[in-house]
Amino acid sequence: NPSLDAETATSVTLGLDFEPPSVRGLTTSVNFFWLRFDNRIQEQNILPQPIASQPQLANTGYNPGAAAVQSYFDSPGFQGDSSGLGPAGVNLIVDNQFANTTSTIERGLNASGRYRWAVGDSQFELWFAGQYLLADLIRAAVWTAEQSVDNTIGEPPKFKGRGGISWSCDPLLADITINYVNAYRNTL
């Protein structure tokens, strides 16, 4: 897309680390983040609503005619006519190339904790780390409202986390880890 503008970003992060003296071996951390991208360069999110009502997708016209569609069918990037209708079966052309999104705002929390202790010659460690997204908003154009896009394809999930426990006694080590990422909507 030759008309792309440079993107810019502003970020703020506030954090708190805590190691209580009364619980030896425990460390915890909580961080808040806020990011704002202006003119973010990205493929546009296709949302689960009529395509023609999505201002972030450049609509090049209804009923474009077989001649206008044929150039897309002839292009090297064409991925096939899965409907088998040919150029005459196309009712709408949408240009979803990289574009500048007016703004993207993401806010969230990161948290982690680790607890280490010993029993005889054995060392144990229990840990967790997670991220919770408070907001993931895009404004496709200055005249459009912000839209929430969290838990959609191509965007971060609302929640993801990892946790585990490990045991070691030289020279042996055992570790169990659990990963979780919440479901997302495939709007394609």
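A residue counts as buried under 20% relative accessible area, as exposed over 50%, and as partly exposed in between. Tyr 180, at 44%, is therefore partly exposed. Keep those cut-offs in mind for the views below, which come from a predicted model.

**View 1. Phe 159 and Tyr 180 make a tilted ring pair.**
Here the two ring centres are 5.8 Å apart and the planes meet at 40°, so this pair goes down as tilted. Phe 159 belongs to strand S8 (residues 159–169) and Tyr 180 to strand S9 (residues 172–181), so the contact ties together parts that are 21 residues apart in sequence. Phe 159 has a relative accessibility of 34%, so it is partly exposed, and Tyr 180 is partly exposed too, at 44%.

**View 2. Trp 117 stacks with Phe 124.**
The structure has 4 aromatic pairs, and this one is stacked, with 5.4 Å from centre to centre and 10° between the planes. Both partners get some solvent: Trp 117 is partly exposed at 27% relative accessibility, and Phe 124 is partly exposed at 23%. Widen the view a little and Tyr 115 comes in, since ring pairs link Tyr 115, Trp 117 and Phe 124 into a cluster.

**View 3. Tyr 115 also belongs to a nonpolar surface patch.**
Tyr 115 sits in strand S5 (residues 99–119) and is partly exposed, with 31% relative accessible area. That puts Tyr 115 past the bar for patch members, because these need over 30% relative accessible area. Its companions in the patch are Val 23, Leu 126, Ile 165, Ile 176 and Ile 178, and together the six offer about 520 Å² of accessible area.

**View 4. Glu 125 holds two arginines in a salt-bridge network.**
Of the 4 salt bridges counted in the model, two are on show here. Glu 125 meets Arg 114 at 3.1 Å, N to O. That pair links distant parts of the chain, with Glu 125 in strand S6 (residues 122–139) and Arg 114 in strand S5, 11 residues apart. Glu 125 also meets Arg 116, at 2.5 Å from N to O, which completes the network of Arg 114, Arg 116 and Glu 125. So who is covered up? Is Glu 125 buried or exposed? At 16% relative accessibility, Glu 125 counts as buried. The arginines are a bit more open to view: Arg 114 is partly exposed at 29%, and Arg 116 is partly exposed at 48%.

**View 5. Arg 36 and Asp 38 form a salt bridge.**
The closest N and O atoms of this pair are 2.9 Å apart. Asp 38 is partly exposed at 24% relative accessibility, and Arg 36 is partly exposed at 29%.

**View 6. A charge sits over a ring at Phe 37.**
Look for Arg 40 here: its charged end lies over the ring of Phe 37, 4.9 Å from the ring centre.

**View 7. Strand S2 pairs with both S1 and S5.**
Strand S1 (residues 8–18) and strand S2 (residues 26–42) run antiparallel and are paired over 11 bridges. Pick out Thr 13, and the bridge partner in S2 is Phe 33. S2 is also joined to S5 by 16 bridges, again antiparallel. For a marker on that side, take Thr 28, whose bridge partner in S5 is Gly 113.

Terms used:
Residues numbered from 1 in each chain as written. Predicted model: local features only at pLDDT ≥ 70, side-chain atom pairs only at ≥ 80, totals over all residues. Heavy atoms only, no water. Patch = residues over 30% accessible without salt bridge, like charges linked within 9 Å, V, L, I, M, F, W, Y side chains within 5 Å. Areas by Shrake-Rupley, 256 points an atom, 1.4 Å probe, with all protein chains shown as cover. Salt bridge = Lys/Arg side-chain N within 4 Å of Asp/Glu carboxyl O. Helix = DSSP H or I, 4+ residues; strand = E, 2+ residues; numbered from the N terminus. Buried < 20%, exposed > 50% of the residue type's maximum accessible area, 1.4 Å probe, protein only. Phe/Tyr/Trp six-rings, centres within 6.5 Å; stacked < 30°, edge-to-face > 60°. Lys NZ or Arg CZ within 6 Å of the ring centre and 35° of its normal. Pairing = 2+ DSSP bridges.
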